[in-house]
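Hi,

Here's the structure I said I'd pass along. Have a look first, and my notes follow underneath.

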Amino acid sequence: MKLTLLVEEGRSSRRQYVLERGGLEIGRAMECDVLFDGSQANVSRHHASLTRGPLGYVLADHSSNGTWVNGQRIQKAVLESGDVIRLGADGPRLRVSVSTDASPPRVGDVPPRRSLAHQGLYDPLSDKGRHGLAGILVVMAMTGSGVCLGLFTTLMLIFQLGFGAALIGVGVAFAAAPAYLLIWLWLDRYDPEPAWILAGALVWGAGAATFVAGQFNSIFAAVMASATGSRATAHLLSVSISAPLIEEALKGLAVLLLFLAVREEFDGILDGIVYAGVVALGFAAVENVLYYGSTVAREGFAGLATLFFMRGVLGPFAHALFTSMTGIGCGIARQSHRTFLRVSMPLIGYAGAVTLHFVWNVLASASRSLASVVVVYVIVWAPLFALFFSVVIWMGFRERRLIRAMLDIEIARGLLTAEQADTVAAWLRRQRFFAAALGDRARFSARRQFAYAVTRLALSHWHAQRATAAGGETLSFSQIPVFQGEVARLRVEI
């Protein structure tokens with residue numbers, strides 16, 4: 001069986017396009033199979049896609065101008081012989097012919113153009129399995145520098161605090177860290193980021209960011225003490241100026257590097273918050289070692305208990321909140337196809353992180369008692385934390401709805417059933433789906449890979465839809481057929 005598209009109107013009139021297997025992209029972008037030139041204003045860059053599935057040939061609209069079949073606007077439709085497609089309200093018209101004739105195409109037929117992934121152009125999934133070489137090198141560099149500088153930090157803490165105080169500080173600081181980390185992993189439950197990338201982010205925050213920030217802040221405080229002649233003034237300037245600027249720059253640098261180097265694993269705002277939160281948790285844990293260790297050395301366990309209440313109970317997510325502003329900025333840039341937003345939003349997010357960090361440090365320095373700390377927390381920070389986590393939780397459920405909506409096209413083309421799409425999009429149903437295969441290791445692995453591939457396919461459709469609406473480009477167009485093939489392969493193994 002094959003499908004033939006005959007262009008009946010426009011500058012490409014009488015051209016024919018033949019589809020027997022795979023799919024066709026229709027639009028004005030150079031990589032499209034059915035290509036229209038720039039004079040066709042009603043045709044979007046990536047206007048529509050045509051794929052063959054068990055139900056037949058399925059046409060899906062990705063445009064802002066709309067696609068019509070037999071006079072009715074559609075989001076997706078199964079085509080039959082004789083159907084008339086119009087691209088845009090007054091755009092080119094294409095007539096559909098479906099036949100079982102397997103004879104060679106006639107002279108003048110245009111064979112399908114190959115997608116980006118098959119033209120020798122860069123495909124983000126071609127290097128090292130799923131990830132580009134640049135992304136792997138960046139994460140390796142983050143991990144290596146974090147480990148090396150983390151060793152220096154450990155030696156400095158032992159030298160500064162003594163082995164016993166340092167050991168107590170490590171025990172108290174890291175005892176609750178896994179529970180804090182699980183919260184961020186739960187927020188990322190629908191499209192979990194790769195463990196090796198999260199590990200690189202965590203190690204960077206705990207090792208590299210803390211070491212460099214500590215050295216810079218110490219030098220700044222020494223210079224200010226020499227200039228002002230007051231250690232108290234130097235301390236205030238350090239915590240209010242140096243610490244917010246340099247610490248948020250170092251934590252935000254990790255988020256920015258991941259945004260630039262592993263874009264296939266950085267889908268939007270929620271991912272930006274997750275990466276920022278993991279970096280910040282690593283930073284906060286090591287910073288707490290210094291605070292807890294020095295306090296127990298000076299004031300004993302009573303002072304340690306008070307400090308733990310302030311830092312471990314009232315403010316364990318303070319650094320995560322600050323750095324998440326940078327993550328949000330990078331997430332907005334990832335979702336946007338406007339050059340101004342893609343450049344400015346990470347900078348605006350960093351400014352927000354510095355501002356929140358500055359306010360936190362100044363208010364903490366001004367609080368002279370535990371009672372004043374609690375009052376400030378209740379009035380200022382508790383509402384901010386509550387608002388922040390409410391927004392993040394809402395975004396998680398929004399991602400679930402988005403994933404399910406984007407899978408409708410794959411249901412229509414027969415790649416997925418509605419039940420499979422519902423299972424992948426619902427976290428509890430997904431866990432039951434995994435649990436049902438616990439006795440079969442190969443099947444359990446296939447189900448996890450299947451859920452991942454379906455989720456990535458849905459998000460690729462989302463990025464492609466946004467790019468088409470904005471008249472922009474995205475590598476997600478080349479990822480769609482890759483994930484479709486993987487889903488089709490895994491479907492028989494689950």
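**Where α6 meets α7**

On the α6 side, the contact is made by I269, G272, I273, A276, G277, A280, F283, A284 and E287, and they meet H319, A320, T323, S324, G327, I328, G331, I332 and Q335 of α7. Sorted by type, the residues of this contact come out as 9 nonpolar, 8 polar and 1 charged. Bear in mind that this is a predicted model.

As for geometry, α6 covers residues 269-314 and α7 covers residues 318-335; their axes come within 7 Å and cross at roughly 155°. Angles over 145 degrees count as roughly antiparallel, so that is how α6 and α7 run relative to each other. The crossing is right-handed.

**The nonpolar core**

Further along the chain, the largest nonpolar core has 29 residues, and the members touching the most others are I403, L407, L416, F450, V454, L457 and V487. Two or more residues each come from α9 (370-406), α11 (418-425), α12 (427-435), α13 (441-470) and α14 (476-491). The top contributor is α13, with 11 residues.

Take L407 from that list: leaving out residues up to four places away in sequence, L407 touches L416, A421, V454 and A458.

**A glutamate to look at**

Is E410 buried or exposed? E410 sits in helix α10 (residues 408-412), and its relative accessible area is 0%, so E410 counts as buried. Beyond its neighbours within four places in sequence, E410 is in contact with L415, L416, L457, H461 and Q484. Two of those, L416 and L457, also appear among the core residues that touch the most other members.

Cheers

Key. Residues numbered from 1 in each chain as written. Predicted model: local features only at pLDDT ≥ 70, side-chain atom pairs only at ≥ 80, totals over all residues. Heavy atoms only, no water. Axes fitted to C-alpha atoms, helices over the stretch in contact; angles between N-to-C directions. Helix = DSSP H or I, 4+ residues; strand = E, 2+ residues; numbered from the N terminus. Parallel < 35°, antiparallel > 145°, perpendicular 65-115°, else oblique. Left-handed = near helix turned anticlockwise from the far one by under 90°. Contact = heavy atoms within 4.5 Å. Nonpolar A, V, L, I, M, F, W, Y, C, P; charged D, E, K, R; others polar. Buried < 20%, exposed > 50% of the residue type's maximum accessible area, 1.4 Å probe, protein only. Core = buried A, V, L, I, M, F, W, Y, C linked by side-chain atoms within 4.5 Å.
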